Amino acid sequence: MSAIRFDSTKQYYATSSLVAGYALCSSLLAVINKFAITKFNYPGLLTALQYLTSALGVWVLGKFGFLHHDAFTWDTAKKFLPAAIVFYLAIFTNTNLLRHANVDTFIVFRSLTPLLVALADTTFRRQPCPSKLTFISLLIILGGAVGYVATDSAFTLTAYSWAFAYLVTITTEMVYIKHMVMNLGLNTWGFVLYNNFLSLMMAPIFWVLTGEYKEVFAALGANGGDWFEPVAFTAVSLSCLFGLLISFFGFAARKAISATAFTVTGVVNKFLTVVINVLIWDKHATPFGLVCLLFTLAGGVLYQQSVTGPPRESSASKQTGDIDENDADENQDKSVSGKHASV
């Protein structure tokens, strides 16, 4: 019995560490990407460099024995391809949103995803319906977002078109990739490798469709030796590094908690993002807009409190020492989602 409790506690803290790692990377990456896109205004190329860094990093570290990833096979790649397409579209719309809007607008639309993911979880993945308190907390998130949009002085049709496109793709990505993670059977680094390598293969298609390649070649001809300007190079390098880190922590956290809890984690850690954004940028929301934004994030905190529960043993585990996979996933979700905060 004591061994079961020790294993449960150990698993709880391991899961908590993964969620905390994802929360930290997620809170910093939005600001880093905004900084990178202002110094290196080529969203398609920027995301391609992130995919290249992550895929190549996993492959090289695997070759030297620092990590283990599942072998790449085209059969598995075909199964994972739909998830990679959704992921690519989410990152593509995210980067373009940051290109045309401030970080606050990105955070507000990112904050709307828990409500949509909860509905999608219930509808498509047959998860239990949210409790009344949980649903109220999700409506608070929605109310704060509506208040922000209604008072946004920086509203532009282009920015909000990208925002709505991002909202649709990130909601789909959260639910569908959770399904793939739970059913495809790859380890965490295997998911990172497949996701980033397949996304890298898709990058040239969007590069041509958007016409960005013309801008890049024109800049190469005009700038010459100034292409690797130190500030831009540093910003892009940080963006690529955190892209690799969030790939690992993101997939690891997806395995440990539900899609809705994972999404809310990505919302609540934006408290840190808001603070950093206000301190370093002069273009951010009005004071009332910031209040609405904080109201939205407070809804995320209330959501976590509504699903908080300590690690517990299932009745089956007391008798056999084994925990059913679905019960374990549910228990981890309830125990972790109320303790930590954060596409």
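A helix, in this account, is a DSSP run of H or I that holds at least four residues, and helices are numbered from the N terminus. With that in hand we can place S239, which sits in helix α10, residues 230–256. Keep in mind as you look around that this is a predicted model.

Let's start with the whole protein. It has 15 helices and 0 strands. The protein is made of 343 residues, and 52% of them count as buried. Its exposed surface comes to about 15,900 Å², with carbon and sulfur atoms supplying 67% of that area.

Now back to S239. Is S239 buried or exposed? Its relative accessible area is 0%, so S239 is buried. Which residues does S239 touch, once its neighbours within four places in sequence are left aside? The list is L29, I32, N33, A36, L46 and Q50. Two of the helices you have in view help to place these names: helix α1 covers residues 2–39, and helix α2 covers residues 43–63.

Helix α1 also holds L28. The relative accessibility of L28 is 23%, and because buried means under 20% and exposed means over 50%, L28 counts as partly exposed. Try finding L28 and T273 in the structure: they are 245 residues apart in sequence, yet their C-alpha atoms are 6.3 Å apart in space. Beyond its neighbours within four places in sequence, L28 is in contact with F242 and I276.

Next, follow helix α2 to its partner, helix α8, which spans residues 188–209. The axes of α2 and α8 come within 8 Å and cross at roughly 150°. How are these two helices oriented to each other? An angle over 145 degrees counts as roughly antiparallel, and α2 and α8 are therefore roughly antiparallel to each other. Their crossing is left-handed. On the α2 side, the residues that meet α8 are G44, L45, A48, Q50, Y51, L52, S54, A55 and V58. On the α8 side, they are W189, V192, L193, N196, F197, S199, L200, A203 and W207.

Two residues let you look at this pair of helices in closer detail. One is L56, which has its place in α2. L56 has a relative accessible area of 46%, so it is partly exposed. Computed along the sequence, L56 and F197 are 141 residues apart, while their C-alpha atoms are 8.3 Å apart in space. The other is W207, found in α8. W207 is also partly exposed, at 22% relative accessibility. The C-alpha atoms of W207 and L45 are separated by 7.4 Å, although their positions lie 162 residues apart along the chain. Setting aside neighbours within four places in sequence, W207 is in contact with G44, L45, E212, Y213 and V216.

Helix α8 has a meeting with α10 as well, the helix where we found S239. The axes of α8 and α10 come within 9 Å and cross at roughly 125°. That angle makes α8 oblique to α10. The crossing of these two is right-handed. From α8, the residues T188, W189, F191, V192, N195 and N196 take part, and they meet L244, S247, F248, F251, A252 and K255 in α10.

Elsewhere in the chain, helix α5 (residues 113–124) packs with helix α6 (residues 132–150) at an angle of about 140°, their axes being 8 Å apart. This makes α5 oblique to α6. The contact is made by P114, L115, A118 and L119 of α5, together with F135, L138, I141 and L142 of α6.

Helix α4, residues 103–111, is worth a visit too. How many of its 9 residues are buried? The count is 9, and the helix is described as mostly covered. Among these buried residues are D104, F106 and R110.

Finally, turn to the aromatic rings. A pair of aromatic rings is described by the distance of the centres and the angle of the planes. Searching the whole structure gives 19 aromatic pairs. Ring pairs also link Y51, F87, Y88, F92, W162 and F206 into a cluster. You have already met Y51, as one of the α2 residues that meet α8.

Note on methods. Residues are numbered from 1 along each chain as its sequence is written. This is a predicted model: local features need pLDDT of at least 70, side-chain atom pairs count only at pLDDT 80 or more; totals for chains, interfaces and linings use all residues. Side-chain values use heavy atoms; hydrogens and water are left out. Rings of Phe, Tyr and Trp (its six-membered ring) pair if their centres lie within 6.5 Å; planes under 30 degrees apart count as stacked, over 60 as edge-to-face and the rest as tilted. Buried means under 20% relative accessible area, exposed over 50%, partly exposed in between (1.4 Å probe, protein chains only). Accessible areas come from the Shrake-Rupley method with a 1.4 Å probe; for residues, only the protein chains shown count as cover. Axes are lines fitted to C-alpha atoms, for helices over the stretch in contact, and angles run from 0 to 180 degrees between N-to-C directions. Angles under 35 degrees count as roughly parallel, over 145 as roughly antiparallel, 65 to 115 as roughly perpendicular and the rest as oblique. A crossing is left-handed if the near helix is turned anticlockwise from the far one by less than a right angle, and right-handed if clockwise. Contact means heavy atoms within 4.5 Å.
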